[in-house]
Amino acid sequence: MNVTRRDLLTVAGGGAVGILLTPAPWKLVDDLAIWTQNWKWIPRPPRGTETTRATACALCPRGCAVDARCIGGLPVAMRAAAGGTLCPLGLTAHHLPYHPARLATPVRIVHGDASRAVSPVTLDAIVAATARAIGDAAAQERDVAVLDMRPGRSISWAWQALLGAMPHAAVAAAPGRQGASFDALARIAGAGGAIGADLSIPRTILSFGAPLAEGWGPPAAFERILSNDLRLIQVEPLRTQTAAGAARWIPCRPGSEALVALAIAKALLVNGLVDPEPLRAAGGFEGLHARLAGMTSGTLLAATSVTEATVVAVARDLASNRPALALAGEQPGGGRHAAEAESAILALNILLGAFESGALVRRAELPPPVADAQLAPVDELERLEDGSLALLLIDASAGDAAFPWPLAQRKLAPGAPVVALSPFLAGTAAHADFVVPTLPFLEAPFELPSSPDAPAATLALSAPVLLAREGATDPAAFIRALAQAAGIALPGEWSSSEELGKLRVAAIHAAARGSIVDRSATVTPIASFGSADDVWTALTDGSRWIDVRAEAFSVLRSPFSVPPPAPGPAPGFSTHLALLPIAASDVTQSAAVSPVLTKLYRESSLRRSSRTVILNPATARELSVRDGREAILVTEEGKARVRVATDESVMPGVAALVIGPEPEALGDPPGHARIVDICPADANGVWRRGTARLVEG
Amino acid sequence: MSTEARKPKSRYGMVIDLDRCTGCGACSTACAVENNVPPARETAGDRTGLTWMRVYKADNGKAFPENRTAFFPLSCQHCGEHTPCVTVCPQNAVDINPETGVVSQIPARCLGCRYCMAACPYHARYFNWFDPAWPEGMEKALNPDVSVRMRGVVEKCNFCHARWQAAEAKAAAAGTREIDPADYVPACVEACPTNAITFGNLDDPGTEVAQLARSEGSFRLLEGLGTDSKVYYRSEHDWVRRLGDADVSQLERKVSRG
């Protein structure tokens, strides 16, 4: 039989068709798919025994109770303890010990014009340089300051004790931190301690920008708002998430909150809706009247964009839905209100009886680890004299805050060194000359003192879950080494944060005040605990100490006045936009955030990225800038390339500048300077109401 | 096979109350952590990112100050009878779990043809354009219950399938086939701080999710397509409910517009 070419082709073709009818090619395709999905470089999740460790999130002052799910001793998930929830930062907290910006050794940073050179250095060298700067400051009669990002901790007390031995020294609380507005309220009211709020008491809250839906204040408060159990009136220039959830949103021009508060106070008084006597007794009546003089409905509308009818309606709303409370919340990216707004809001609270109702209470301070020690005073950074600091120490070991660096820089004398303690080479620490690495959350015990708005003093502990990585320094050990090098005797016997914490717990136990509340809400009086060690053990197991609640107070110790408005931009600086820095609350609390937050910032448009300017479409048209395009933002502090976004929820004439996590904070290589640094801060340290211009570019 | 025979034992679904959603992003973040969804590369954007649960921001189109916004958490809608992605997959890499009614994606079978992405009217499927990568060491923080997917495959929400498996194993250990509803809660539901998401068996009339799904104000996205999706939304506002008929790309355009 002859085999022709046709036969060969028929067999080949038939074979090709026939093989498609067998599983072989399909199996090959399947296997190829599987092989190509299992390369050796694909990350492998950990394996091991599953355990759950109770701790508390130390990434913000709120200190939410957390159950860390661990595999082989490594945390793989952070879950809120029963009944709670976590913010995106808290949900990803277990990523932070592996963050690319984590420091392994102490470093020296040499800052260039547009770059920085980072080189390793020994801890001894940093201690010696810092001690030398302390000696020079004493010789030159210059100041030394510590910028404390999380005031109220035992470590904060240790800094005060260290600086207490120096003739010119102060501990400054970080500008823009959570609770700065409550501290301001306490200072203006002369409360002689901290002021807290009990948000379960008021039926109505008049909030001047407090981001209640965005991580500010207890979550239960916003839950009450959503359930219509608490009436929220939100005054702010943007329709934020909080404003969207409020019963009433009153858009006002940035920086005009004081006038709105004063106008509401006037409406309350003129319409006989409140008793003026408490304000008269507080000594603030004359100041209020002085500022109200000459205010007409026309001037009010021009300055605030709020009509008199709206103001009267709000006043009637507040008077008929008491107890009422006025809140002066700080914007996480923009910091506190101006002093005049804080004073006006205090006047409103006095008129509304917020102190008598217990909505605002004087809170006792936590006991110090060692009694009767000589301590340096605690002040606000902006109140320190410009050019006065011969040394600035930054304690960012327990968190960070977003504020313009020029605000701190102008306090420094020429050539003054800056030494930072931080787990990460990011955030504020990136401005320092020396950075001492500290342990991040989950690798060290963290003390969680009273959250800024708490009505009673509280103390919780964040127990470590991971083994500490080598190379980090305990801030308490650094303070001890520094004291030794500078020849300063510190009060008490301690050399670590844990020992300091135990001393404070011993002081709480000795005072026999308050109770321990465990995870199941069982309350045990502190007096029932046999020893301070038992209290410490309870706290490390996830319990919380809560002090007895302070009594409401109504008598202010010193008269206050409503100061005049701060001056506008510098003469000759032409602007056409009100600059409003904004940020989500969680990401401003930590210098580094999980790269997974790109889901919110880069992979979707849920949260705008840093360096985005949001404008009303009408404003964008006026300025000839377009959505999605780049432009140059110019302020008194500098200029930066930004991306323009348009949104009808922004008031015309306002530029909302997003202070989100910088790419470096998300884990990308170091880039340009932080955008918050170009926000101009006035002499009182307020940067939430700046001015700017936007040009095509 | 008859329709009755294909009917799943349970029909898990969720109801999302848009009036309670504040757009905090906790659901998106919790989902990414639970399911080992890698972070974006520097070059990745909203078109190449992986967001099993993406929250869109939509507005009522009015000018300031009448403008109103709503946040739309959007994951796979877990279609019922006529699931477009199941129909088009040449590899049987997509199927409907007969136990739960959940539309599953099987990455090991996926060839990356992306037919399913083209077919999905909700834009809820994502393609792995890059190798999954976390910063060095961060793989120690991954969830061991969920496999990491490789470049070249499609992935999407599966109502936290690993949690369902764990709940089923727990029920089996207790000698029952009935899962305790408290044991099977997807990560997004667990993380929502305002309790905007309710989850459960839509076929059990006694569950809150079933009652909410049938209540006034509830709607489904693109209901006219007849996909019989198992994710319901609810709102008291007409303009929000009308967004249910909008193409998802319209929501996206609103987002890019701001």
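**Close-up views of chains A and B**

**View 1. Leu421(A) lies in strand 16 (residues 418–422) of chain A.** Strands are DSSP runs of E with at least two residues, helices are DSSP runs of H or I with at least four residues, and both are numbered from the N terminus. The model is predicted, and local features need pLDDT of at least 70, side-chain atom pairs count only at pLDDT 80 or more, and totals for chains, interfaces and linings use all residues, while side-chain values use heavy atoms and leave out hydrogens and water. Residues are numbered from 1 along each chain as its sequence is written, and chains are lettered from A and ligands numbered from 1 in the order in which they are written. Leu421(A) counts as buried because its relative accessibility is 0%; the classes are buried (under 20% relative accessible area), exposed (over 50%) and partly exposed (in between), with a 1.4 Å probe and protein chains only. Beyond its neighbours within four places in sequence, Leu421(A) is in contact with Trp159(A), Ile394(A), Asp395(A), Ala396(A), Ser397(A), Val436(A), Thr438(A), Pro475(A) and Phe478(A), where contact means heavy atoms within 4.5 Å. One of these partners, Pro475(A), is 54 residues away in sequence, with a C-alpha to C-alpha distance of 7.2 Å.

**View 2. Leu74(A) in strand 3 (residues 74–80) of chain A has a contact in chain B.** Residues up to four places away in sequence are not counted here, and Leu74(A) touches Pro46(A), Arg69(A), Tyr98(A) and Leu466(A) as well as Lys140(B). With 21% relative accessibility, Leu74(A) counts as partly exposed. The C-alpha atoms of Leu74(A) and Val634(A) are separated by 46 Å, and the two residues are 560 residues apart along the chain.

**View 3. Pro278(A) is found in helix 10 (residues 277–282) of chain A.** Its relative accessible area is 28%, so Pro278(A) is partly exposed. Between the C-alpha atoms of Pro278(A) and Glu356(A) there are 10.0 Å, at a separation of 78 residues along the chain.

**View 4. The largest nonpolar core has 97 residues.** A nonpolar core is a set of buried Ala, Val, Leu, Ile, Met, Phe, Trp, Tyr and Cys residues joined through side-chain atoms within 4.5 Å. The members that touch the most others are Phe441(A), Met14(B), Phe72(B), Phe159(B), Tyr184(B), Ile197(B) and Tyr233(B). Helix 2 (residues 26–34) of chain B contributes the largest share of this core, six residues. Apart from neighbours within four places in sequence, the contacts of Tyr184(B) are Tyr12(B), Val102(B), Asn158(B), Phe159(B), Cys160(B), Arg163(B), Trp164(B), Ala167(B), Ile179(B) and Phe199(B). A second core, separate and of 66 residues, includes Ile195(A), Ala265(A), Leu325(A) and Ala359(A).

**View 5. Thr198(B) belongs to strand 8 (residues 197–201) of chain B.** At a relative accessibility of 13%, Thr198(B) counts as buried. Once neighbours within four places in sequence are set aside, Thr198(B) is in contact with Gly13(B), Met14(B), Val15(B), Glu208(B), Val209(B) and Leu212(B). Met14(B) is also listed among the core members that touch the most others.

**View 6. Chain A, the setting of views 1 to 3, has 20 helices and 28 strands.** The C-alpha trace of chain A spans about 125 × 65 × 55 Å along its principal axes. For 697 residues a compact globule would have a radius of gyration near 26 Å, and the 28 Å of chain A agrees with this; the radius is taken over C-alpha atoms, and the globule rule is 2.2 Å times the number of residues to the power 0.38. Of the 697 residues, 58% count as buried. Contacts with a separation of 6 or more are made to 74% by residues 24 or more positions apart.

**View 7. Chain B, the setting of view 5, has nine helices and 10 strands.** Its C-alpha trace spans about 55 × 45 × 35 Å along the principal axes. The radius of gyration of chain B is 18 Å, in agreement with the value near 18 Å for a compact globule of 258 residues. Buried residues make up 59% of the 258 residues in chain B. Among its contacts between residues at least 6 apart in sequence, 66% join residues at least 24 apart.
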